[in-house]
Amino acid sequence: MTLALLPLGMIAIYQTYTVIDEAARLSRMAILARTERAAMGERELLQRTGGAADALAAATLPLRNQPAACNLALATFVKAQPTYSFAGLVTPEGQPVCSSKDVGAAIAETAFFAKAVARGALTYGVGRSLDGNGDFELSLTTPVREGGEIVGYLTLAIPKRLTSAFFTESWQLEGIRFATIDRDGDILSSSEPLPQAGLMLPQTPAQSDLIRRSGDTFFAMSKSQEERFFAVSDIVPGEVAVVGSWPAAQAQMATGMGGWAFTLAFPVLMWLAGMVVGVFGLHRLVIRHLSDLRAAMRRYALGERKQAQLDLLNPPREFAEAQQSFNRMVMILSKAEERREIDLREKTVLLREVHHRVKNNLQLIASIMNMQARSARSDEARNVLAQLQRRVRGLAAIHRSLNTNPDVTTVDAAELITALAKEIASLSHGRDGAVAIETDLASVQLNQDDAVNLSMLVAETLTNAVRFAGVDGDGRRVVGVSFAEQEGGYCRLTIRNALGPQNGAESEERQFTSGLGARLIKAFVAQLEGEAKTTETETEFTYEVVFPHSDDTAAQGLAEKRGANDNADLRNTG
């Protein structure tokens, strides 16, 4: 519904905007027309004055060498034309030739005369009255030419009372102000006293640029720091323009700015009302039910099975069907989860029982081997049985860890190596004294395959290290074991022991180059897919193995491959 109303609202806004814009344009044209109407009288006066100046120039040209006759002609013209207060003719250098009153010398001292000389064309200006009464008057100065050469300048003066009469008092009561300017931005006449007339003009653009904006209307800040509306119109194209100034509030009302927002409010409110109705209907029929469904799904996802049932209030038929399907799905999944949890608990108990029984059986086998070793007559038989017993106990340690670990699928490497180290240390008593096994182990979870191979590898290498451990600088027999996980998903096992005096045969056994233990160690390293390295100095022997750490997911994929290779590798060791 909202999408359907949106185009209608946009069309209504566009049409309203078009109407308002056209109304504002017509209002601006009306204000511009009022400005032109206010300047109509002055336009006629200036046009008439220009014609009179041309006629006087032609009449006084033959008389410029006859001052008396020229003075009489100008005086007679001013007396017959009360529109003008003064007429005078001067040379291009400013020397008086003749005038309607004997004040011709004052023309050369005026600013408008200097401007006329500089331009060499018809020039308008304003200044103090040339007849000496102290008032301001509008002057028109035009060059007098003979044979294309300027031989003088004729000036006609118009009293200010005539130019001010065009701006009526009724317009002044409305706050409307007028001023005429020339092409240089100088004020020629104004509805205000001339010294204050500049305050009604805009701050921008500059006064000299106003005449180039003839026919334009705009809002601007006046030089009296008041926001006003301005309209500019030509009086004499390119030479004189009138600037009308309205109060901003009055102009905005005339141009329709005040009612623009109210006119646009209706389509906007119509669209908003459609949105409200659409949103309310959508919320009532759809959104609230979707929110309840989402909340029920979230509760179910967070494990709140008892509160996951969905109960919608007066839902439509589609949502009622969705509610029924969701509740049935929750019930089915909940029962399936309960059955799965029961099965999982049963399998966990069974798996722990298997590990427990395997551990007990391996310990029983180790005990039988121990009994057999005590009854053996030769040292070689006892050593063989002791090695077998140690390896069986290593396997038993794995199953003991799996039986006690909450996660029956992984083994903590630190706990496993610690248990093996304690057992091997307890068997290390001999003629040279007990061997201390120092550990630096990180807790790393290994899958069962890697744990079995690691336990057998540690049992073989650690037994070998204890066997060949010498006395260090402090007089102790110490074996160091460290295990840590490195960057890139690799694990590092390091076993160090101090060296005592050995012969060549013992060095070969220590370097894992001969014997059953060496073949077993190589097989276990291969099962771990690792790399082994031995380092021997005069005082210390180090054995390092680096192998990839397989996570549980990868372990499941590797189990089959390693299981297939286990028997083959062990057969090869035989």
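This passage walks through some helices, buried positions, salt bridges and a surface patch in a predicted model.

Two helices make a handy starting point. Helix α12 covers residues 413–426, and its 14 residues should span 20 Å at 1.5 Å a residue. The C-alpha atoms at its ends do sit 20 Å apart, so the expected and computed spans agree. Just ahead of the helix, Asp412 caps the N-terminal end of α12, with a side-chain oxygen 3.0 Å from the backbone nitrogen of Ala414. Ala414 itself turns up among the buried residues of α12, along with Ala413, Leu416, Ile417, Leu420, Ala421, Glu423 and Ile424.

Helix α15 gets the same check. It has twelve residues (516–527), for which 1.5 Å a residue gives an expected span of 16 Å. Its end C-alpha atoms are 17 Å apart, which agrees with that expectation. In α15 the buried residues are Gly517, Ala518, Leu520, Ile521, Ala523, Phe524, Val525 and Gln527. After the helix comes Glu529, and the phi angle of Glu529 is positive, near 60°.

Next come two positions that are tucked away. Thr60 belongs to helix α2, which runs over residues 40–60. With a relative accessible area of just 1%, Thr60 falls under the 20% cut-off and so counts as buried. Once neighbours within four places in sequence are set aside, the contacts of Thr60 are Cys70, Leu74 and Leu89.

Ile181 sits in strand β6, residues 177–182. Its relative accessible area is 0%, so Ile181 is buried too. The list of residues that Ile181 touches, not counting those up to four places away in sequence, includes Asp186, Ile187 and Leu188, then Gln207, Leu210 and Ile211, and further along Glu239, Val240, Ala241 and Val243. Asp234 is 53 residues from Ile181 along the chain, and the C-alpha atoms of the two are separated by 9.8 Å.

Strand β6 also leads into the salt bridges, of which the model has 16. Asp182, in β6, pairs with Lys115, with a distance of 2.9 Å from N to O. Lys115 lies in helix α4 (residues 111–119), so this pair ties together parts of the chain that are 67 residues apart in sequence. Both Asp182 and Lys115 are buried.

Another of the salt bridges joins the side chains of Arg64 and Glu146, at 2.7 Å from N to O. Here, too, distant parts of the chain are linked: Arg64 is in the loop between α2 and α3 (67–80), while Glu146 is in strand β4 (residues 136–146), 82 residues away. Arg64 has a relative accessible area of 27%, so it counts as partly exposed. Glu146, at 38%, is also partly exposed.

A third pair is made by Arg228 and Glu226, whose closest N and O atoms are 3.2 Å apart. Arg228 counts as buried, with 6% relative accessibility, whereas Glu226 is partly exposed at 35%. Beyond individual pairs, salt bridges with shared partners bring Lys115, Asp182, Asp184 and Asp186 together in one network. Asp186 has already come up here, as one of the residues touched by Ile181.

Away from the salt bridges, Arg476 is found in the loop between α13 (448–467) and β14 (478–486). Its relative accessibility is 38%, so Arg476 is partly exposed. Leaving out residues up to four places away in sequence, Arg476 touches Glu438, Gly470 and Val471. With Glu438 there is a polar contact between the two side chains, at 3.3 Å. Val435 is 41 residues from Arg476 along the chain, and their C-alpha atoms are 7.8 Å apart.

Finally, the surface carries a nonpolar patch of about 300 Å², made by Ile13, Val268, Leu269 and Leu272. Helix α9 (residues 257–301) gives the patch its largest share, three residues. Val268 is located in α9, and a relative accessible area of 32% makes Val268 partly exposed.

Terms used. Residues are numbered from 1 along each chain as its sequence is written. This is a predicted model: local features need pLDDT of at least 70, side-chain atom pairs count only at pLDDT 80 or more; totals for chains, interfaces and linings use all residues. Side-chain values use heavy atoms; hydrogens and water are left out. Helices (H or I, at least four residues) and strands (E, at least two) are DSSP runs, numbered from the N terminus. The expected span of a helix is 1.5 Å times one less than its number of residues. Buried means under 20% relative accessible area, exposed over 50%, partly exposed in between (1.4 Å probe, protein chains only). A polar contact is a pair of N or O atoms within 3.5 Å; within protein, one must be able to donate a hydrogen and the other to accept it, and residues adjacent in sequence count only if both atoms are side-chain atoms. Contact means heavy atoms within 4.5 Å. Patches are made of residues with over 30% relative accessible area and no salt bridge: like charges are joined within 9 Å, nonpolar side chains (Val, Leu, Ile, Met, Phe, Trp, Tyr) within 5 Å. Accessible areas come from the Shrake-Rupley method with a 1.4 Å probe; for residues, only the protein chains shown count as cover. A salt bridge is a side-chain nitrogen of Lys or Arg within 4 Å of a carboxyl oxygen of Asp or Glu.
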